[in-house]
Amino acid sequence: MHRDDAYANLVLPAILRDEGLTGRDAAFATELTYGTLRHVGTLDAILTAAAGRDVQRIDPPVRDALRIGAYQLLHTRVPAHAAVSSTVDLVRVVGPSATGFANAVLREVAERDNDGWVARLAPPIQTDPIGHLALAYSHPQWIVRAFSEALGGDLGETTRLLIEDNERPPVHLCARPGLADPVDLADEVGGAPGAFSPYAVYLGGGAPGDLAAVADGRAHVQDEGSQLVADALAAAPLDGPDGRWLDLCAGPGGKSGLLGALAAQREARLTAVEVAEHRARLVGNATRALPVTVLHTDGRLVGSEPKLPEEHFDRVLVDAPCTGLGSLRRRPESRWRRQPSDLPALTRLQRELLTAGLRAVRPGGVVAYVTCSPHVVETHVTVTEAARRCGAPVDFVDARPLLPVGMPGIGDGPTVQLWPHRHGTDAMFLALLRRT
Ligand SMILES: C[S@@+](CC[C@H](N)C(=O)[O-])C[C@H]1O[C@@H](n2cnc3c(N)ncnc32)[C@H](O)[C@@H]1O
């Protein structure tokens, strides 16, 4: 993972298959991999202290073995002697000259539990709350700062969010409207209907790729929050025609799948735009048999691409590329890959795509701007800037009444922010804008 910049959720299943690991062994290997990747920031601080030298100066294969060993010692019920000896056995393979060193470092790590190490190494919460939370809950400081800002500076809530990010989330399915009933689907897959989305099913366990309902297009894998924001766009009140829907950033096709199924029920047609060729193909697969036209092009070409005329569409979704800080639970390595320096290029693209969406919608039509990030620069700042610069009059629509009745903690409007620790969803942001 560290050497090749790979993604755990893509690489690990193939490795487990190649190694013939199944059942409890596969589950344990998965927990060690995901857990170590999530906690690596804190583990590295602990290993640096235990080794008496910067962990970055340890030979990478030995360093990775030590991280896995420290994770076992501090976060699992594996007995300390077993964690140390299995890690030393691993070091014997990847760096034989370092076995004595690894043994000494891990014995030092085992001297304290995780809380003991945090108490020793983290800066005091009173003087450096961001630094404290970053070390205690293994997130980069800039991400903790961004979360805290989006949560109005509430450190208690920020802490709950960081804790939630370190948990493995359940898989959510979307029972496609008109094609599957969520209660029946929950029975079929041994899951439970979702708490908020009328289409959601929480999968109890097992691989979603093996499910007949997913294979035959009655359902797809999709976070419940993603379902809610797509549904809110479809539910926004509209005067006049309602047959032309547009998804300007469609790949890999989760929201297009749900919008396409809703469009089928309402005799509407969805145009799904995606700039990356392989992702456009995924959108095609995800929307087979639905009233969806996939367009492999740049969404910013509204007005110059003949199939994307200005003032043409009734409902437009701009599910913009973003840092993904709202779905760190699902991608254990991503918090360490993302950098604050990613923001300027991303926010510029977000602004340009939202501006294009606002040009594509007809007067009276609705645009939903969505990110799976709660970073205020990607949410409120982008929306305000795009609305100001788009050159057309736009109003905010209060999105809250378009979420399920009584759903708590979605913000003070007119935009909506969902949270893993409040709703069990990814941290989806939704702004609804109407061209006047
Ligand atoms: C957040 S993802 C969309 C997720 C998707 N709506 C879903 O629910 O599955 C953003 C997508 O926008 C695409 N994208 C990036 N720049 C684009 C552009 N200029 N025009 C169209 N699509 C773009 C990315 O390739 C990526 O697939």
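1. Let's start with the stretch from residue 147 to residue 436: its end C-alpha atoms sit 33 Å apart, and the span is 34% helix and 20% strand. Keep in mind that this is a predicted model. The stretch comes from UniProt, where an unreviewed entry lists residues 147-436 as "domain: SAM-dependent MTase RsmB/NOP-type".

2. Now zoom out to the whole protein chain, which has 18 helices and twelve strands. Its radius of gyration is 23 Å, close to the 22 Å that the globule rule gives for 436 residues, so the chain is as compact as a globular protein of that length. Along the principal axes, the C-alpha atoms fill a box of roughly 75 × 50 × 40 Å.

3. What about the inside? Of the 436 residues, 46% count as buried. Among contacts with a separation of 6 or more, 70% come from residues 24 or more positions apart.

4. The domain assignment splits the chain into domain 1 (8-114), domain 2 (126-165), domain 3 (172-221) and domain 4 (224-435). Domain 1 and domain 2 have their centres 25 Å apart. Six residues from domain 1 and four residues from domain 2 make up their contact. On the domain 1 side, those residues are two nonpolar, three polar and one charged.

5. Finally, have a look at the ligand. It is surrounded by 20 residues, and the closest are Cys249, Gly251, Gly254, Lys255 and Gly299. Helix 13 (254-265), strand 6 (269-274) and helix 16 (343-360) are the elements that give two or more residues to this shell. Sorted by class, the shell has nine nonpolar, five polar and six charged residues.

Technical notes:
Residues numbered from 1 in each chain as written. Predicted model: local features only at pLDDT ≥ 70, side-chain atom pairs only at ≥ 80, totals over all residues. Near = placed C-beta within 6 Å. Helix = DSSP H or I, 4+ residues; strand = E, 2+ residues; numbered from the N terminus. Nonpolar A, V, L, I, M, F, W, Y, C, P; charged D, E, K, R; others polar. UniProt positions renumbered as here; feature names shortened; annotations may be inferred. Domains from an automatic or database assignment. Contact = placed C-beta atoms within 7 Å. Rg over C-alpha atoms; globule rule 2.2 N^0.38 Å. Buried ≥ 20, exposed ≤ 12 C-beta atoms within 10 Å, placed from the backbone.
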